[in-house]
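Subject: Structure handover and notes

Hello,

Here is the structure for you to look over. My notes come after it.

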Amino acid sequence: MYGKFQNHLQDELKAIKEAGLYKNERNIASAQSAEITLQDGSKALNFCANNYLGLADNPRLIEAAKKTMDQRGYGMSSVRFICGTQDLHKQLEKAVSDYFHTEDTILYAACFDANGGVFEPLFTAEDAIISDSLNHASIIDGVRLCKAQRFRYANADMADLEEKLKEAQSCRFRIIVTDGVFSMDGNVAPMDKICDLAEKYDAMVMVDESHSAGVVGPTGHGVAEQFNCYGRIDIFTGTLGKAFGGAVGGFTTGRREIIEMLRQRSRPYLFSNSLPPMIVGAGIELFRMLGESDELHARLMDNVVYFREKMMAAGFDIKPTQSAICAVMLYDAPLSQKFAAKMAEEGIFVTGFYYPVVPKGQARIRVQLSAAHRREHLDKAIAAFIKVGKELGVIR
């Protein structure tokens, strides 16, 4: 049988390559940072990682991970409810709850698991999930695992959301689900308006903070801080794999009874090993650091403003953003791939995105800024963008 299946896979892979959709992985031979060393020994500036606060190689977090591993071991070899819960897991859950001003938190191996495990334990066919059209794939997959009725509204379109809420009024329970920051465009969900509609039409609210926590808001505490919505959002999900240290691990945080029910019935939590002690120890230290100073967040926002202003002055089409994601619009898919390849030749790592990751005709280079980027890094990237942009006729 595999011979026939192998031929099928080979044809599918060939089609992916011919369509220009094949994903090649870059081999890094150093720690993740603003400047990285590649396998061949060459250097590059990294503008396509989610290392928003520049903490992926932070010495304080590394030392905390080492110290915790010495004290609590390498791995847990168990799920949480059997014998996989250490005192440190509870400490990290409390730190997350304190950060988001919530009642309780549950940890997962990744935010993909958090989103995959949140809907099915809570909602049935009597209920409604009303989801933004640009929500992350993990939310989409989590909704698919649930029997609740599904409604989808146009990205951040409050008029469309209101229509979907009206349609869902006959359902027992309703929940609006949105990303905090949409990863392709970098736009922020209008959480104040979403909460207003939720209260008007008797719905709950859930937000995925993966690209927003640590980034948006006056001190980077996410969309609840940005829109002063503390107490109005029922469920937050998020990750330790982006701004919060760049490792692994996800969480769901929110109302006490919701978290308690997830501990009882959320399958990715019940049937996955608990987070390793070193990740948990570093996570605890991370939230301790963020409570001490807003310096990293302030530096990140300075970098975002500087980069956007310089790029727009050079003539590039940049989508509006309140986040650390800057979408440089090129519109043409092959052009986005050619542009990214030429940027790599200049020692700048960026990624081109095109259909089906973004809508047809909306290809772009996604640039992700970091607090680890110094001004000279930004200037080098901007100079490379201008050089390649002129070569390819994107700007004059």
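Below is what I found, arranged by region.

Please keep in mind that this is a predicted model.

Nonpolar cores

The largest nonpolar core has 86 residues, and the members touching the most others are F244, L300, V367 and F385. Its main contributor is helix 12 (residues 277–292), which supplies seven residues. Another core, of 20 residues, lies apart from it; A114, I139, V143 and I258 are among its members. Going back to F244, and leaving out residues up to four places away in sequence, its contacts are Y99, F100, A213, G214, T239, F251, L286, F287 and L290.

Helix 13

Helix 13 covers residues 295–313, 19 residues in total. At 1.5 Å a residue the expected span is 27 Å, and the end C-alpha atoms are 27 Å apart, so the two values agree. The buried residues in helix 13 are H297, L300, M301, N303, V304, Y306, F307, R308 and M311. An α-helix has 3.6 residues a turn, so residues three or four places apart point the same way. The cover over the buried residues of helix 13 includes strand 10 (325–331), strand 13 (363–368) and helix 15 (375–391).

One residue of helix 13 that I looked at separately is N303. N303 has a relative accessible area of 4% and counts as buried because the cut-off is under 20%. Outside the residues up to four places away in sequence, N303 touches L369, S370, A371, H373 and L378. Just after helix 13, G315 has a positive phi of about 105°.

The sheet with strands 10, 13 and 12

Strands 10 and 13 also belong to an open sheet of three strands, in the order 10-13-12, with antiparallel pairing. Strand 10 and strand 12 (351–353) are at the edges with a single partner strand each, so one side of each has no neighbour in the sheet. On average, neighbouring strands here are turned by 30° against each other, direction ignored. The antiparallel pair of strand 10 and strand 13 is joined by six bridges. In one of the pairings, M329 has R364 in strand 13 as its bridge partner.

Strands 6, 7 and 8

How much of strand 7 is buried? Four of the five residues in strand 7 (residues 204–208) are buried, so the strand is mostly covered. Strand 7 pairs with strand 6 (residues 174–179) in the parallel sense over five bridges. T178 has V207, in strand 7, as its bridge partner. Between strand 6 and strand 7 the chain passes through helix 8 (residues 191–200), and this β-α-β crossover is right-handed. Strand 7 is also joined to strand 8 (residues 235–239), by three bridges, and those two strands run parallel. There, D208 has T237 in strand 8 as its bridge partner.

Helix 1

A last note concerns A15, which is in helix 1 (residues 2–18). The relative accessibility of A15 is 39%, so A15 counts as partly exposed, a class that lies between the 20% and 50% cut-offs. A15 and A44 are 29 residues apart along the chain, and their C-alpha atoms are separated by 31 Å.

Regards

Methods: Residues are numbered from 1 along each chain as its sequence is written. This is a predicted model: local features need pLDDT of at least 70, side-chain atom pairs count only at pLDDT 80 or more; totals for chains, interfaces and linings use all residues. Side-chain values use heavy atoms; hydrogens and water are left out. A nonpolar core is a set of buried Ala, Val, Leu, Ile, Met, Phe, Trp, Tyr and Cys residues joined through side-chain atoms within 4.5 Å. Buried means under 20% relative accessible area, exposed over 50%, partly exposed in between (1.4 Å probe, protein chains only). Contact means heavy atoms within 4.5 Å. The expected span of a helix is 1.5 Å times one less than its number of residues. Two strands pair if DSSP finds at least two bridges between them. Axes are lines fitted to C-alpha atoms, for helices over the stretch in contact, and angles run from 0 to 180 degrees between N-to-C directions. A crossover is right-handed if, with the strands pointing away from the viewer, the path from the first strand over the helix to the second runs clockwise.
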